[in-house]
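Q: I would like to learn how to read the features of a structure one at a time, with the general idea placed before the particular case. Could we do that together?

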Number of protein chains: 2
Amino acid sequence: MTSADLRVHNQARLLRAVHNADQPLTRASAARLLGIGRNTAGALVGDLEAAGLLHEVPAEASGRGRPTTLLVPHPEGPVAFAADIREDSWTLARVALGGELQVLETGEHDRTPALFADIKAAVGRHETEHLAALGIAISGPIRDGHRLHISHLGWDEVDLDDHIGDGWPPTVIDNDARLAGLAEVRRGALRGMGTVMHFHIDFDIGGTLLLGGDPQRGAHHIAGEFGHMPLTGSTLECMCGVKGCWSLDVGANALVRRFGKEPGYGTGRDLAQEVLRRSETGDAEATAAVDENAAALGKGLGALANALDPEAISLSGLGIELIRLRRDLIERTCAANLMAFRRTAPPRILPGTVGDDGPLRGAAEIAFDAILTEDRLRDRL
Amino acid sequence: MTSADLRVHNQARLLRAVHNADQPLTRASAARLLGIGRNTAGALVGDLEAAGLLHEVPAEASGRGRPTTLLVPHPEGPVAFAADIREDSWTLARVALGGELQVLETGEHDRTPALFADIKAAVGRHETEHLAALGIAISGPIRDGHRLHISHLGWDEVDLDDHIGDGWPPTVIDNDARLAGLAEVRRGALRGMGTVMHFHIDFDIGGTLLLGGDPQRGAHHIAGEFGHMPLTGSTLECMCGVKGCWSLDVGANALVRRFGKEPGYGTGRDLAQEVLRRSETGDAEATAAVDENAAALGKGLGALANALDPEAISLSGLGIELIRLRRDLIERTCAANLMAFRRTAPPRILPGTVGDDGPLRGAAEIAFDAILTEDRLRDRL
DNA sequence: TTGTTATGTTCTTAGCAAGAACAAAAAGTT
DNA sequence: AACTTTTTGTTCTTGCTAAGAACATAACAA
């Protein structure tokens, strides 16, 4: 590591601080935050302004002292696009340094990889020369960061590289559950915590272990299929090829199956919502179904907490409703499956606060993770 | 980060490279390894020699070129002690920079926390002024790094801080399974791999997830109880307070129970070894018992691989024998519990190569992790 | 004996952050 | 209205870092 690397390192810390901050930082507060002198902060900001990465605007005075400046995205600075691909639609958004998100366009798709061309066209309609990276969220495992196994679209192994080519911005893609967790840990309910988990409950369960604000991806980028561990003693065969998966008992598919319908991916959300509604109005069978779902959820969370010892677990999708309706049951079954000595300090179970656009926000985060690297900075400065 | 931090950072990189190397590095090869110039390497090594952290001895010439020096531990340099506490005995060893380990003493203990006084006395008998840290391995969860829950000793919540005091070297303690995994990833079968798991199979299963060469400890330092997830469908009650734990079907306790004896911690290893022997000579019941054990092991590994996507999984303890006797069965049951799309690239299942003193070697590693920090270096230089 | 090769050493140089001293811009205080 | 206090920005100097060039050294090879 050389002196020049030192400068780049501190530039990156500063940019990262600006990006991660809840509200715009002032130059003086950034200096305090990083533990550097005002002179050094001035030099760093000056370089970054010259490199077109940061812009200073006068901050309104607050109390005594010479007024300082706010650090805001440079008008000529890099911009990320984020796309969220769902069963039959997609959303494209634009994200600036700091995380401000602006939806650009939404569209339908035909469930084939041709949708990437649609997204490319949409990117083209909004493209600026400052577009630096595109982050994509999609539901399903993505081996090695480009081989897509998207069961609800019937994609067995679609290679992203075959569908993006010249004219594409630098693109990163990841699983929606993992990205929803990333959004929670960077900007939501899990903010600031070191060891946490997030689960997105939709048709089944997808999840991620987040350490120090980063989602773990495993050796082949396909970690996180916690829903395909046999945690609840089911004897059914799962669509994934294994017997007894946790996902068979939790999520919309489990509710659908409980009512004698054929589970799958793509239909059943409405029925699941209806079951939740009916359980609230006292329908006995719906109540039992929701109870079973929540209990299976809690049981799995307890088992996973034994293994991974998270400080907190956040849920999104159906999980938010389940916490609202059955927090007590989830916590009780979780505790019952925690090793006895852990029960004095169980993991906190939290509804996600980022909302329905967690995957989109997570996609924005991985796009900026690709932009705010020391290597890229070295080239740009 | 300042210029002085830069120097400390590079010193730390150099020391870490020396410590991690398989064989002593030469000064020239260290410079190449770190990507620094020979002049810079000379300056760094000079400082470290002056600080009493590194020593240079002439390296025997190999081929053309001016002979260089070997980087070896400084005779006045810091030394770590490592202790491994088992059911009724302990081992104390001395470790030098580079990982060379020398057993100093072994002893029996009375299964009470008084054993820490015994260890302290043994440390005293061998103490040098250069002793910088003591690492301890013990079997059982250790909440927050000091509250011991050691079921096989009947310790429910023994606070290490109540039993070490003045005169103790800086002490770090961790779970033996985690430390065995650490030894494998730093110096054994898992060396150099990014996402791996290790399981130590003894009476039951302890394990650890290792990322980038570091074992994950969770929010309360009690991650890794993979054996207490319900992965195999058992309906029995586990001593941990939960029903259906994986550990009920894998390890010496499971073999003991299979033969109608009372499982526990402390007795049963002999019986387990006998069952393994008998299975090798064709005893039908022993064969069935070993089959069940291996199949349950493979099933759990498959489930965990779905969730965490390790590149490889190493085993120690009984696991080594199980791989030797039933590799095929373990791999088949693992594959059957892998999601179908993963089966083309299953995790490699490897016998640990560090051997029986994995916990001791891991304890040495955490002791040196405590020594080779930038903060400590800053103070010493 | 004379290259050839790899490494060590010395000296210069460009760059970095820290610190001190001072300037500037606001809000209180008298 | 003048002065003080507080906070921040700016300038300049200083000590430190690693890199690079040039040269020295110690082995081997022809």
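The dialogue below takes up sheets, the contact between chains, the DNA surfaces and one loop residue.

Q: Before we look at details, what kind of model is this?

A: This is a predicted model, and the values that follow are computed from it.

Q: How do strands of a sheet pair in general, and what is the strand order of the open sheet that contains strand 3 of chain A?

A: In general, the strands of a sheet pair through backbone hydrogen bonds, in either a parallel or an antiparallel sense. In chain A, five strands form an open sheet in the order 5-4-3-6-10, and the pairing is mixed. Strand 5 (101-108) and strand 10 (171-175) of chain A are the edge strands, each pairing on one side only, and from one strand to the next the twist averages 20°.

Q: In which sense do strand 3 and strand 6 of chain A pair, parallel or antiparallel?

A: Strand 3 (residues 79-85) and strand 6 (residues 131-138) of chain A pair in the parallel sense, over seven bridges. To place one position in that pairing, take Ala80(A), whose bridge partner in strand 6 of chain A is Ala133(A).

Q: Which strands does helix 10 of chain A lie across?

A: Helix 10 (residues 358-371) of chain A lies across strand 3, strand 4 (89-95), strand 5, strand 6 and strand 10 of chain A, and runs at about 145° to strand 3 of chain A. Helix 5 (residues 176-187) of chain A, for its part, lies across strand 6 and strand 10 of chain A, at about 95° to strand 10 of chain A.

Q: What is the order of the open sheet that includes strand 11 of chain A, and why is one side of strand 13 and of strand 15 of chain A left without a neighbour in the sheet?

A: This open sheet of chain A has five strands in the order 13-12-11-14-15, with mixed pairing. Strand 13 (214-215) and strand 15 (348-351) of chain A stand at the edges and have a single partner strand each, so one side of each is left without a neighbour in the sheet. Further in, strand 11 (residues 195-201) and strand 12 (residues 205-211) of chain A run antiparallel and are joined by seven bridges; Met197(A), for instance, has Leu209(A) in strand 12 of chain A as its bridge partner.

Q: Which strands does helix 8 of chain A touch where it packs on the sheet?

A: Helix 8 (residues 284-308) of chain A touches strand 11, strand 12, strand 14 and strand 15 of chain A, and its direction makes about 155° with that of strand 11 of chain A. Helix 5 of chain A lies across strand 11, strand 12, strand 13 and strand 14 (312-317) of chain A, running at about 40° to strand 12 of chain A.

Q: How is the size of an interface often given, and what area is buried between chain B and chain A?

A: It is often given as the accessible area lost when the parts come together. Between chain B and chain A about 3800 Å² is buried, of which carbon and sulfur atoms give 62%. Met1(B), Asp309(B) and Phe341(B) supply 17% of the area that chain B buries against chain A, more than any other three residues. The contact takes 49 residues from chain B and 49 residues from chain A.

Q: Turning to the DNA, which residues come nearest to DNA strand D?

A: One begins with the neighbouring residues and then turns to individual atom pairs. Of the 24 residues around DNA strand D, those that come nearest are Arg66(A), Thr68(A), Arg7(B), Asn39(B) and Arg64(B), while sugar and phosphate account for 67% of the atoms of the strand that come within 4 Å of the protein. A side-chain N or O atom of Arg7(B) is 2.4 Å from a phosphate oxygen of DNA strand D, and a polar side-chain atom of Arg32(A) lies 2.9 Å from a phosphate oxygen of that strand. The residues of this surface divide into four nonpolar, 12 polar and eight charged.

Q: Which atom of DNA strand C is 2.6 Å from the side chain of Asn39(A)?

A: The side chain of Asn39(A) has an N or O atom 2.6 Å from a base oxygen of DNA strand C, whereas a polar side-chain atom of Thr68(B) lies 2.5 Å from a phosphate oxygen of DNA strand C.

Q: Finally, where does Ala189(B) lie?

A: Ala189(B) lies in the loop between helix 5 (176-187) and strand 11 (195-201) of chain B.

Key:
Residues numbered from 1 in each chain as written. Chains lettered and ligands numbered in written order. Predicted model: local features only at pLDDT ≥ 70, side-chain atom pairs only at ≥ 80, totals over all residues. Heavy atoms only, no water. Near = heavy atom within 4 Å. Polar contact = N/O pair within 3.5 Å; in protein donor to acceptor, adjacent residues only side chain to side chain. Nonpolar A, V, L, I, M, F, W, Y, C, P; charged D, E, K, R; others polar. Pairing = 2+ DSSP bridges. Helix = DSSP H or I, 4+ residues; strand = E, 2+ residues; numbered from the N terminus. Axes fitted to C-alpha atoms, helices over the stretch in contact; angles between N-to-C directions. Contact = heavy atoms within 4.5 Å. Buried area = accessible area lost by both parts, 1.4 Å probe.
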